[in-house]
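Got your viewer open and a selection box ready? Let's take a walk through this one, stop by stop.

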Amino acid sequence: MWFFTDEEKELQRICRDFASKELAPAATLHDEKESFNLSAFKKMADLGVLGITADPQYGGAGLGATAATIVMEEFGAACAGSTLSYLAHSILCVNNIQNNGSAEQKEKYLPKLITGETIGCMGMSEPEYGSDAVGIQTKAKKDGENYIINGAKMWITNAQYADIAYVYTRTGEERKNLSTFIVEKGTPGFSVGKPIHKMGMRSSPTGELVFDNARVPKANLVGKEGDSIYHMMKNLDIERITIAGISLGIAQACVDQCIKYAGERKQFGKHLGSFQMIQKMIAEMSTETEMMRSFLYTTAKRYDMGERGPSMAAQVKLALPKMATKIALDAIQLHGGYGYSREFPLERMMRDNKLNEIGAGTNEVMIMIIAKNLLKDLRD
Ligand SMILES: Cc1cc2nc3c(=O)[nH]c(=O)nc-3n(C[C@H](O)[C@H](O)[C@H](O)COP(=O)(O)OP(=O)(O)OC[C@H]3O[C@@H](n4cnc5c(N)ncnc54)[C@H](O)[C@@H]3O)c2cc1C
């Protein structure tokens with residue numbers, strides 16, 4: 001992008017290089033085996049991206065949404081599953097502790113999360129509460145110097161690998177009465193349920209967090225009791241912008257693969273690329289990808305410049321994953337039977353991208369947010 005700083009351009013270069021060497025070659029294998037590329041994840045620490053938005057005093061890169069989105073795009077083009085796990089760690093856990101944690105909590109947890117010594121996850125969704133995140137029912141009750149947590153979290157990215165969970169709970173009857181705790185692996189009464197098998201993002205581990213009278217020290221309460229609804233809404237913006245970066249990476253990877261294939265595959269004695277219908281598909285896919293890029297990075301830059309708006313992040317989160325699913329399906333079509341086979345990564349990319357229309361708020365929830373803002377003056 002024309003407005004990337006030199007630092008952002010360098011970040012893009014090192015992430016592209018890392019993704020081609022460490023993520024892309026193993027992506028199909030990890031998808032098939034439903035396994036997590038732990039060694040690549042640990043190596044991300046050497047790039048300085050595990051704490052991309054965290055303060056340098058804790059070892060973070062001190063960068064913003066634009067930089068985080070660059071990482072998502074570059075990693076996402078190579079292996080979206082690994083990138084989702086990276087997002088859960090760096091944006092859902094690290095960024096949340098950075099923005100909402102106390103000095104003691106940051107000092108205690110961020111350095112190890114940023115060097116990859118520990119892995120993070122974030123638990124908001126529950127078996128009965130997904131889109132209605134503010135309705136969550138995992139309860140935390142004060143008991144002397146501790147809080148006792150009971151309930152369950154569902155669909156938690158990195159659950160099985162996480163040492164640190166950033167967990168939303170209910171601490172009062174009022175709907176908005178939510179509080180967050182940093183829960184360490186090994187906490188009595190806290191366990192991880194069975195792994196969840198998925199259609200896509202299969203190299204990203206997903207599981208359940210179970211709290212059965214889990215005893216968490218008062219010192220692990222993030223901010224003040226009852227304050228977490230504000231933390232939740234604030235972090236969802238950067239989560240939605242950065243997850244759209246994964247969709248952009250997938251779309252670009254599909255376009256690149258189509259251009260390559262159109263120059264290799266021959267039918268009727270000619271390259272596919274010489275057929276006008278194929279040319280139209282590639283021209284449109286590439287144009288859509290460029291639209292996605294402009295929209296996403298403009299939004300990320302606006303976010304970094306301090307602009308906030310109720311539908312800013314929701315609009316990119318609605319537009320990009322939907323467009324990327326269409327592009328991935330077009331790419332499969334352009335490859336014919338080979339596109340439908342596992343010989344090419346396109347079917348994986350399509351399966352992976354579908355998650356981005358669901359996770360971090362579904363398309364329908366994004367529409368609700370955008371429409372509510374646009375029609376806020378409507379009386380009836
Ligand atoms: C692979 C994966 C990883 C995830 N990682 C995490 C994680 O790390 N941490 C975490 O907390 N969560 C995570 N999630 C959960 C994710 O955020 C939720 O799945 C998502 O918010 C949707 O919630 P739900 O699945 O309960 O669907 P529901 O809320 O039950 O929605 C079902 C359908 O109803 C629609 N719907 C719901 N309400 C309305 C309405 N009012 N109007 C119109 N339509 C509506 C939805 O759009 C959807 O189509 C993950 C999910 C997946 C699949």
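Below is a list of things to select, in order, with a note on what you'll find at each stop. Keep in mind that you're looking at a predicted model.

**Stop 1: colour by domain**

Start with three colours: domain 1 is 6-118, domain 2 is 121-228 and domain 3 is 229-374. Now drop a centroid on the C-alpha atoms of domain 1 and another on those of domain 2, and you should get 22 Å between them. The contact between these two takes 25 residues from domain 1 and 17 residues from domain 2.

Stay on the domain 1 side of that contact. The elements giving two or more residues to it are α1, α4 and α5 (103-115). Highlight α4 there, since it brings the largest share, 12 residues. If you colour this side of domain 1 by residue class, you get 11 nonpolar, 12 polar and two charged residues.

**Stop 2: the ligand**

Next, select the ligand and what surrounds it. How many residues surround the ligand? There are 24, and the closest are M124, G130, S131, T362 and E364. Show those five as sticks before you bring up the others.

For the secondary structure around it, look at α4, β1 (120-123), β3 (146-157) and α11 (363-374): each one supplies at least two residues of the shell. By class, the shell divides into 13 nonpolar, nine polar and two charged residues. Go back to the domain colours for a moment: domain 2 and domain 3 both give residues to this shell, so the ligand lies between them.

**Stop 3: strands in domain 2**

Hide the side chains and follow the ribbons. From β3, go across to strand β7 (residues 206-217): the two pair in the antiparallel sense over nine bridges. To check the register, pick I148, whose bridge partner in β7 is R215. β7 also pairs with strand β6 (residues 190-195), again antiparallel, this time over four bridges. Here the pair to pick is P195 with G207 in β7.

Then move to strand β5 (residues 178-184). Is β5 mostly covered or mostly open? Mostly covered: six of its seven residues are buried. β5 pairs with strand β4 (residues 164-170) in the antiparallel sense over seven bridges, and R170 stands opposite L178. β5 also has an antiparallel pairing with strand β8 (residues 221-222), over two bridges. Select F181 and L221 to see bridge partners in that pairing.

While you have strands on screen, one general point may help when you turn the side chains back on: in a regular strand they alternate between the two faces of the sheet.

**Stop 4: two helices at an angle**

Select helix α3 (residues 65-78) and helix α7 (residues 276-304). They pack at an angle of about 145 degrees, and their axes are 8 Å apart. On the α3 side, show A65, T66 and T69; on the α7 side, show L296, Y297, A300, K301, Y303 and D304. This contact has five nonpolar, two polar and two charged residues.

Without leaving α3, click A67. Why does A67 count as buried? Because A67 has 24 C-beta neighbours inside 10 Å, and 20 or more is enough to be called buried. Beyond its neighbours within four places in sequence, A67 is in contact with E8, L11, I52 and A61. For a distance check, go from A67 to M201: they are 134 residues apart in sequence and 22 Å apart in space, C-alpha to C-alpha.

**Stop 5: α8 and α10**

Now find L318 in helix α8. L318 is buried, because 23 other C-beta atoms lie within 10 Å. Setting aside neighbours within four places in sequence, its contacts are N363, M366, I367 and I370. Draw a C-alpha to C-alpha line from L318 to I136 and you'll read 24 Å, across 182 residues of sequence.

Finish on helix α10 (residues 346-355), which is mostly covered, with eight of its 10 residues buried. The buried ones to select are L346, E347, R348, M349, M350, D352, N353 and L355. Expand from there and you'll meet what they pack against: α1 (6-33), α4 (80-100), α6 (228-264), α8 (312-334) and α9 (336-340).

Conventions
Residues numbered from 1 in each chain as written. Predicted model: local features only at pLDDT ≥ 70, side-chain atom pairs only at ≥ 80, totals over all residues. Buried ≥ 20, exposed ≤ 12 C-beta atoms within 10 Å, placed from the backbone. Pairing = 2+ DSSP bridges. Contact = placed C-beta atoms within 7 Å. Axes fitted to C-alpha atoms, helices over the stretch in contact; angles between N-to-C directions. Nonpolar A, V, L, I, M, F, W, Y, C, P; charged D, E, K, R; others polar. Near = placed C-beta within 6 Å. Domains from an automatic or database assignment.
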